[in-house]
Structure formats: structure tokens, C-alpha cells
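Visitor: I would like to learn how to read a chain, its contact with a partner and the surroundings of one helix. Could you take me through an example?

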Amino acid sequence: MRRREYVALVLPSVLVMFGLLVVPLYRTIEWSLQKVTYGSPGSFAGVSNYTSALTDPRFGRAVVFTVGLTVVATAILVVGGYILACMVNALRRTRPLVLGVLLISYVLPQIVGATMFSWLFDTNFGGVAEYLLHVVTGQEVHWFTSAWPNRIILVLNVVWAALPFAMLMIMAGLQGVSNDMIEAAEIDGVSRIQLHWHVIIPSIKAIVGFVALISIMDILRVFDQLIPLSPQAVQLGNESITLYIYNVAFQNGGQNLGLGSAVNVLLMVIIMIMLSPFIIGLLREARKP
Amino acid sequence: MTIDVATPPVDQHPQTAVRKSGPDRRRGKGWLIGGFLFIICLAMLSPILWTAASVTKPTNVAFLNPPVFFYHPTFQSFVDLWQTTDFYRYLINTLIIAVISTAAALIIGVPAAYGLSRFRGWTSAILLILALIFRSLPRFSIVLPMYDLSKTLGVYDTRFAMVVALVAINQPFSIWLLRNFFAEIPQELDEAALLDGCSRFQVLRRIMLPLMGPGILTAGIFMFLFAFQEYLTALILTDVNAKTVPVFIATQLGQTLPMLQQAGAAAMLLTLPVIAFAFIAQRYLVAGLNSGSVKG
């Protein structure tokens, strides 16, 4: 392909990315160094936004909460996704049906899924899960007003929404595992667990890693679910980093736009660091002839 | 738990002396897995099933505690939703924004992905990496400046602003998906057509596009899905005129009972096509997840 043709094909996409992503990003970085509100030019404030973010205990809590949620939910997603993928992969006739049912929570807008989820637990809306739990255990759980129960339903909802993705990716990996290897292992008389642990899991390591990477990146940015599921997020210490940005940089006219932008930049740096092994891999591949 | 990866059933337990016990045991295991999967499916569906029940109850018992399990179903909340709110308008907004932003992302993304799949060099690698980075940026780092800009330009709360924002946000991912589909088409095809006197653009239009049908459909489905699901961007960039259904449902949450039940009805109206979609488009969703994201 000649260079001129290549440029013509790629140019519209590059222009859109530059004009609509790079320019706003530049703005965010600029704001992060300013004392600023919407619609008016800001005044340079050095790194004061960064220092006030890093010394704000509320931001610290948001980071701890978000990272905790990410770690727990990602672990459940990878393990659960693997087990589920093995089971669904063994199905024959019923597979499209089961896949269809399992895909629904992935296709639904997250805010809608989380809203429906909240009605399972909220006694004000006749939450059936809370009611059944109450009947069985005789205990009343305040899912929305005490910190840990609220965290449990948040983890459940995050897993609920992302499990189909994890399962599908791992299932694709399972289909690529060579049958010869499995047969050879079976002839050698390994147990089921050994077969999974020593044969199958090592050969789909790359995909499991990728599932973990995507889950981590997505859950670090969690926002939608918290609106219906954690109306008291700030008081409970269940505020995610993105919700923190929203609260300080948009609600009530965005008095702290500079602070929010600084947090945006910090989050960006964290995500870039997490992506770096993947990016280095891509660069290495590109250098090959 | 079995990994039944097309192993001939007889060979599975060569050392079992009594062959008869083999199939029986496997059948038992099959039932166990089946039962487990059934429970998982039920659990995954439970929020939807419960909402479906809640919105078909008469309003006075809809959200009672302890919950009412037996009632005379009614569709009054759907009628109310349609008559007393602007749901219809929000639905139209959601669909128009999703369709136009999908089309625009594809029109921009298809040639770019083709170029990237055929031109090897450091610029291609850099562009792909940029696309990956843009896909994973914190959403507010893009959307808040867009909010500011849209207010300055006077396009705040218009479908236009939403479409532009969604094209910007989702287009990088479409390049990833499409490039992998293009990469699977052998380059010899292009070269043969070029030798026959086609120009690059003719190759793209006459040879690649027909071959890429399923790939473009897959990318289109994902773009549509992302646009249709988007809450955060719509929350920031819309107010009244361009409001979408997810934002509408979220704002109804703070309301009292009849409106809440209507929010549930709206959620169900959005869910039913999604269920149909999960079954009809299953093949493309699976193909897209497999090829778009796994392979570098």
C-alpha cells in the first residue's frame, strides 16, 4: 500500500481522535493545573490541585474502596468465568439457549441492570431477596445504609454485569486448547483437577490475563452501578474514584473542577501503568518484519 | 465438572473395568452440571424476573413489604408510562443517537481499519496503541471538557452533541474490532485486484466490503450496544431535549411510587428487545468478543 493511500484511509479517523479526544484530554490536563469553573478562564494554580487530592482523606477512601472492589470482583470474575465456561462448553444442544440467557446481563445498560438489582434488596420496594433472607435467617440487613452489606451488593452487581464477558472470552480460549494434549494427559491418568491446573489453565494463560486486564480497567472506572445501588456512597465510604470526580467536578456547578481534573489525570496514569505490559507487547510485535 | 472437548465417549475412561458404569456416571454428572447451570441462569435472570413481576402488579401492592407473590397482573404502569411521561421521546432520542453514532463510527472506522491492516510500519502500531489507550481513558477526562465546549458552542443538550461524543468515544474500539477482521482476509486478493487495474478505494468498496459483511455487522452491533448503554455521557451532556432512556430511568429513582413503577416499566421495555437481541445476535457477539479483543 502506498503511503498516500494509507494517509487518505486513516486521516478521518485520526482527525476525529485528535479533535475529539486529544483536545479534551489536553483541556483536562490544563484544568488540573488551574483554579477554574465551567465557562470561564482559570488561573494557574500549580500543583495545588494534586496536593489537595492526595491529602484529601475522602479521596484516599475512594481509592481504597475502588481498588478493593476491583481486586475482589476481578478475582471472582476470573474464577467464576472459568468454571462457568467449562460447564457451558460441555453443553451441546442447550448451549445457544444457555448462552442467550447468560448474555442478557452483559447487553443490558448497566444503570438499568443495577436499578433492577437494587429492587431485589430494597425493603421500600418489596425486595424479594431481602425478604427471603429475613424469613430464613431472621435477621434484617441494611443493604443501602451500612457499609459492608452495601459493598456486598456492589460486588454482586459488578460480577453479575461482567461475568458473561469473562465466560465468553475464556470459552474461546478453551476451544483453542489442543485435544491431543488433553487426551495424552488422560492416558497418563491425571485427575480432573490436575488436568485443569497443569494442562488447561497454563495453555489459556494469555486469555485469562486479558480478561483480568479488561475487568480491572473497567471496574477501576466504575460509576453507573453506584447511582442506584449506593445512594449514600459518600457517607458509607463506598464512593468510587469516578463518582468522586463527578461529585467534586460536576455536581453543584463544579466548584472543584480543577481538583476533579487532577484526579482524572491521576486515574489516567494508573490505567496507563496497568496497560504498559500490553502496549510493550504490541510495540514488539510491530517491530517484527 | 467435565471438559467434554469432543473426546470420543468410549475413550474417556479406558481403565474402567466395568464399562457400563461409565455412561451412567457421566449422565449423573451431566444432570448435576445441568442443575447447577439452571440455578446460575435463574440467579442471573432474577433481577429481571422480579422487575417484570413488580411492574405488572397493581400499583397499590407493587412495592409492598413483605412482597406480594400472588396478584392479578395488569399493564397499567406501561400505559401510565406512555401517557404521563415523555418516555416515547427519550426512546426516540436513544435510538436516533445510537443509530447515527454507529453509522458514523463505521464510516470513519472501516477505511482506517483497512489501512491499518495493510500498511505495516510504526505509525500503524502507534495508532493502534492510541486507540487502545483512548478506549480505556477515564470517561470524565473527555466528557467534562466536552460539556464545557458544548455550552460554549451552544450545542449542549442536543442529539448532535451526544452523537459527536459517542463517535469520539467508541470509534477507537471499532478500529480494533475491524482491523482483526480485515487481517484475516489474505492480501493476495488486494494485489490481484490491483493488478487488474482497480484503485485502492475500488478494492475496499468492491472486494473488501462484501467479504467483510459479518465483521462490519459485528462491529456495528458493538457500537450500537455501547451507544445504547451509555449513561455517564448522556448524564453530563443532556438535560431535557436530548435525554436518553438510561438517564430517564436513573432520574425516576428519586421519585415516589407511581413514578417508580413507571421507571420499572421503562426498564422492562428496554430489557425485552435486549433479551431478543441476546439470542438473535449471539453469534456476532461471540465472534466480536473473540476476534476483537483477544488477538493483538
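What follows is a conversation about chain B and its contact with chain A.

Guide: Please keep in mind throughout that this is a predicted model.

Visitor: How many helices and strands are there in chain B?

Guide: One begins with the inventory of elements, and here chain B has 14 helices and zero strands, so that its order from the N terminus is α-α-α-α-α-α-α-α-α-α-α-α-α-α. Of its 296 residues, 45% count as buried, and, among the contacts in chain B with a separation of 6 or more, 76% join residues 24 or more positions apart.

Visitor: How many residues does each chain bring to the contact?

Guide: The size of an interface is often expressed as the accessible area lost when the parts come together. Here one can count residues instead: chain B contributes 90 residues and chain A contributes 86 residues. On the side of chain B that touches chain A, helix α1 (residues 21–55) of chain B gives the most, with 13 residues, and the residues of that side comprise 65 nonpolar, 19 polar and six charged.

Visitor: Is helix α12 of chain B mostly covered or mostly open, and what covers its buried residues?

Guide: Helix α12 (residues 245–252) of chain B is mostly covered, with seven of its eight residues buried, namely V245(B), P246(B), V247(B), F248(B), I249(B), A250(B) and Q252(B). The cover over these buried residues includes α4 (87–118), α11 (232–237) and α13 (257–280) of chain B, together with α5 (110–121) and α11 (226–229) of chain A.

Notes:
Residues are numbered from 1 along each chain as its sequence is written. Chains are lettered from A and ligands numbered from 1 in the order in which they are written. This is a predicted model: local features need pLDDT of at least 70, side-chain atom pairs count only at pLDDT 80 or more; totals for chains, interfaces and linings use all residues. Helices (H or I, at least four residues) and strands (E, at least two) are DSSP runs, numbered from the N terminus. A residue is buried if 20 or more other C-beta atoms lie within 10 Å of its own, exposed if 12 or fewer, and partly exposed in between; C-beta atoms are placed from the backbone. Two residues are in contact if their C-beta atoms, placed from the backbone, lie within 7 Å. Ala, Val, Leu, Ile, Met, Phe, Trp, Tyr, Cys and Pro count as nonpolar, Asp, Glu, Lys and Arg as charged, and the others, Gly among them, as polar.
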